[in-house]
Amino acid sequence: FCDLPMSTSPPRCNKLVTESSQILNRVFSFLEPKDMVIAIPTSRSFERAGDQNKIWRKLFEKEFGKNTAECATSEERENWRKHFLTTRTMEMELQSSIYQGSC
């Protein structure tokens, strides 16, 4: 019933979809990045909620600092999720190479 596109859904259903979206956004704002990456692919609703650019920017700022976020290019700012995951991967690779070099 509520899987219909928003334009064809009854008003009550639209309100339910909007409210559940807001709740998911709020829940996702408390998750750690690793938990977000695991949760997002589990449902369409989670994917929509987890694809919010502002959530990923907050995660980026939390993980790498607000100053680093402010240095992002305009392309990186358009997709904070991609920028976060790319930066995280590069950081992990750097740490791995440092660790391997110290043994």
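**Figure 1. Five aromatic pairs turn up in a search of the whole structure.** Welcome to a predicted model, in which local features need pLDDT of at least 70, side-chain atom pairs count only at pLDDT 80 or more, and totals for chains, interfaces and linings use all residues. Residues are numbered from 1 along each chain as its sequence is written, and side-chain values use heavy atoms, with hydrogens and water left out. Rings of Phe, Tyr and Trp (its six-membered ring) pair if their centres lie within 6.5 Å; planes under 30 degrees apart count as stacked, over 60 as edge-to-face and the rest as tilted. One such cluster is made of W56, F60, F64, W80 and F84.

**Figure 2. F28 and F46 make an edge-to-face pair.** The ring centres of F28 and F46 lie 5.6 Å apart, with 70° between the planes. F28 belongs to helix α1 and F46 to helix α3, so this pair ties together parts that are 18 residues apart in sequence. Helices here are DSSP runs (H or I, at least four residues), numbered from the N terminus. Is F28 buried or exposed? F28 is buried, with a relative accessible area of 3%, while F46 is partly exposed at 29%. The cut-offs are these: buried means under 20% relative accessible area, exposed over 50%, and partly exposed in between (1.4 Å probe, protein chains only). Leaving out residues up to four places away in sequence, F28 touches M36, A39, I40, F46, A49, G50 and I55; contact means heavy atoms within 4.5 Å.

**Figure 3. F60 and W80 form a tilted pair.** Here the ring centres are 5.3 Å apart and the planes meet at 55°, so the pair counts as tilted. F60 sits in helix α4 and W80 in helix α7, and the pair links distant parts of the chain, 20 residues apart. Both rings are tucked away from the surface by the accessibility rule: F60 is buried at 1%, and W80 is buried at 2%.

**Figure 4. The largest nonpolar core holds 15 residues.** A nonpolar core is a set of buried Ala, Val, Leu, Ile, Met, Phe, Trp, Tyr and Cys residues joined through side-chain atoms within 4.5 Å. Which residues have the most contacts inside this core? They are F28, M36, W56, L59, F60, W80 and F84. At least two core residues come from each of α1, α2 (33-39), α4 (53-64) and α7. Helix α4 gives the most to the core, with five residues. In soluble globular proteins, nonpolar side chains tend to be buried together.

**Figure 5. T87 is a buried residue of helix α7.** This helix covers residues 80-101. T87 has a relative accessible area of 16%, so it counts as buried. What does T87 contact, leaving aside its neighbours within four places in sequence? T87 is in contact with F60 and F64.

**Figure 6. K62 and E32 are joined by one of four salt bridges.** A salt bridge is a side-chain nitrogen of Lys or Arg within 4 Å of a carboxyl oxygen of Asp or Glu. In this one, the closest N and O atoms of K62 and E32 are 3.0 Å apart. K62 lies in helix α4 and E32 in the loop between α1 and α2, so the two are distant parts of the chain, 30 residues apart. K62 is exposed at 56% relative accessibility, whereas E32 is partly exposed at 33%.

**Figure 7. R81 and D51 meet in a salt bridge.** Their side chains come to 3.3 Å, N to O. R81 lies in helix α7 and D51 in the loop between α3 (44-50) and α4, so the pair ties together parts 30 residues apart in sequence. Both partners are partly exposed, R81 at 23% and D51 at 47%.

**Figure 8. E63 and R88 bridge helices α4 and α7.** The closest N and O atoms of E63 and R88 are 3.7 Å apart. E63 is in α4 and R88 in α7, so this salt bridge ties together parts that are 25 residues apart in sequence. E63 is partly exposed at 33% relative accessibility, and R88 is partly exposed at 25%.

**Figure 9. Confidence varies along the protein chain.** The predictor's confidence in each residue is its pLDDT, from 0 to 100. The chain averages a pLDDT of 81, and 79% of the residues score at least 70. Where is confidence lowest, and where is it highest? Confidence is lowest in helix α1 (residues 11-28), at a mean of 71, and highest in helix α6 (residues 74-78), at 93.
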